[in-house]
Amino acid sequence: MTSPPGTADPGATPPAPHRPVRSFVLRQGRLSPAQERALDELGPRYGLAYAAAPVDFDAVFGRHAPRVLEIGCGMGETTAAIAAARPDTDFVGVEVHGPGVGSLLRQIEARSLTNLRVIRHDAVEVVAHMIPVASLAGIHVFFPDPWPKKRHHKRRLLQTGFVHALALRLEPGGYLHVATDWEDYAQEVLGTLEAEPLLANAAAGFAPRPAHRPLTKFEARGVKLGHGVWDLLFRRR
């Protein structure tokens with residue numbers, strides 16, 4: 001017997017849930033005891049829980065100041081160094097990997113940083129649901145996963161839709177700073193950013209490394225070996 005038109009067949013197999021393409025894979029690795037303690041003890045103090053609602057940054061930081069979002073903090077050395085060098089600016093780091101979040105929490109505590117908070121969640125969802133429109137003075141995306149195999153390029157973070165979402169979160173004059181050590185990805189991102197009507201290139205093509213981005217040990221070693229690094233600096237129109 002068939003079901004009446006417009007009703008579901010109770011015997012039919014339900015459709016598979018939609019699974020968005022992720023720009024990351026959770027290779028958690030092993031948490032060190034210190035990182036695990038940091039997640040447990042410092043996470044409630046310096047972390048922001050993901051919620052599908054805009055964040056009141058003034059309430060979080062207890063002041064009104066320029067805000068910068070950093071996507072992909074790694075182990076947190078660069079994020080903490082930038083926040084320490086710019087005490088007049090508040091920073092929000094987004095990272096999915098537990099060891100990196102634990103490491104960054106430890107650095108926040110060790111440096112007594114009051115202007116840095118961490119969200120452990122997918123950056124695409126954080127931007128879509130937690131970051132208010134026109135609320136950011138800057139966005140940092142340093143060395144995102146290049147997904148070098150062609151069949152994996154669909155996982156690359158900085159694609160048209162997400163770039164547009166980032167541009168909307170910038171206040172007028174706010175900046176988007178991207179750095180990568182993969183030339184083909186750099187060229188791809190340059191084209192994507194130049195195609196976004198809300199953004200304007202602050203340089204003629206690629207930009208010199210701005211002073212606010214520290215030179216990491218990994219990057220310095222690569223430069224000595226002749227490896228390239230490409231910085232892109234765009235501003236909100």
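In the predicted model, the side chains of Glu219 and Arg213 are joined by a polar contact of 2.6 Å. Glu219 sits in helix 8, which covers residues 217–224. Its relative accessible area is 6%, so Glu219 is buried. Leaving out residues up to four places away in sequence, Glu219 touches Phe143, Arg209, Arg213, Pro214 and Val229. Arg213 is thus both a polar partner of Glu219 and one of the residues on its contact list.

Two of these neighbours lead to Thr180. Phe143 and Val229 touch Glu219, and both are also in contact with Thr180. The other contacts of Thr180, with neighbours within four places in sequence set aside, are Tyr185, Ala186 and Trp230. Thr180 belongs to strand 5, which runs over residues 170–180. Its relative accessibility is 2%, and Thr180 therefore counts as buried. A polar atom of the Thr180 side chain lies 3.2 Å from the backbone nitrogen of Trp182.

Strand 5 also holds Leu176. With a relative accessible area of 1%, Leu176 is buried, because the cut-off for that class is under 20%. Its contacts, again without neighbours within four places in sequence, include Ile139, Val141, Leu166 and Leu170. Leu193 and Leu199 are also among them. So are Leu232, Leu233 and Phe234. Leu176 and Leu232 are 56 residues apart along the chain, yet 7.9 Å separates their C-alpha atoms.

The whole protein can now be considered. Its secondary structure consists of eight helices and seven strands. The protein has 237 residues, of which 44% count as buried. Its accessible surface is about 12,700 Å², and carbon and sulfur atoms account for 57% of that area. Of the contacts between residues at least 6 apart in sequence, 80% join residues at least 24 apart. The pair Leu176 and Leu232, in contact and 56 residues apart, is one example from strand 5.

Confidence varies along the chain. The average pLDDT is 89, and 88% of the residues score at least 70. Residues 1–19 have a pLDDT below 50. Beyond near neighbours in sequence, that stretch has three contacts in the model.

Helix 4 spans residues 98–111. It has 14 residues and reaches 20 Å from its first C-alpha to its last. That is close to the 20 Å expected at 1.5 Å a residue. Of its 14 residues, 10 are buried, so helix 4 is largely enclosed by the rest of the structure. The buried residues begin with Gly98, Pro99, Gly100, Val101 and Gly102. Ser103, Leu104, Leu105, Gln107 and Ile108 are buried as well. Helix 1, helix 3 (77–85) and strand 3 are included in what covers them.

Helix 1 (residues 33–46) packs against helix 4 in turn. Its buried residues lie against helix 4 and strand 3 (116–119). They are Ala34, Gln35, Ala38, Leu39, Leu42, Gly43 and Tyr46. At 1.5 Å a residue, the 14 residues of helix 1 should span 20 Å; the end C-alpha atoms are 18 Å apart, which agrees. Helix 1 has a kink of about 40 degrees at Asp40. The kink comes shortly before the proline Pro44.

Two loop residues stand out by their backbone angles. Most residues other than glycine have a negative phi. Ser112 is not a glycine, but its phi is positive, at about 55 degrees. Ser112 comes just after helix 4, in the loop that leads to strand 3. Its relative accessible area is 57%, so Ser112 is exposed. Ala134 also has a positive phi of about 55 degrees without being a glycine. Ala134 is placed in the loop between helix 5 (123–129) and strand 4 (136–142). At a relative accessible area of 40%, Ala134 is partly exposed.

Conventions: Residues numbered from 1 in each chain as written. Heavy atoms only, no water. Helix = DSSP H or I, 4+ residues; strand = E, 2+ residues; numbered from the N terminus. Buried < 20%, exposed > 50% of the residue type's maximum accessible area, 1.4 Å probe, protein only. Polar contact = N/O pair within 3.5 Å; in protein donor to acceptor, adjacent residues only side chain to side chain. Contact = heavy atoms within 4.5 Å. pLDDT = per-residue confidence, 0-100. Expected span 1.5 Å × (residues − 1). Bend = angle between axes of the 7 residues up to and from the residue. Areas by Shrake-Rupley, 256 points an atom, 1.4 Å probe, with all protein chains shown as cover.
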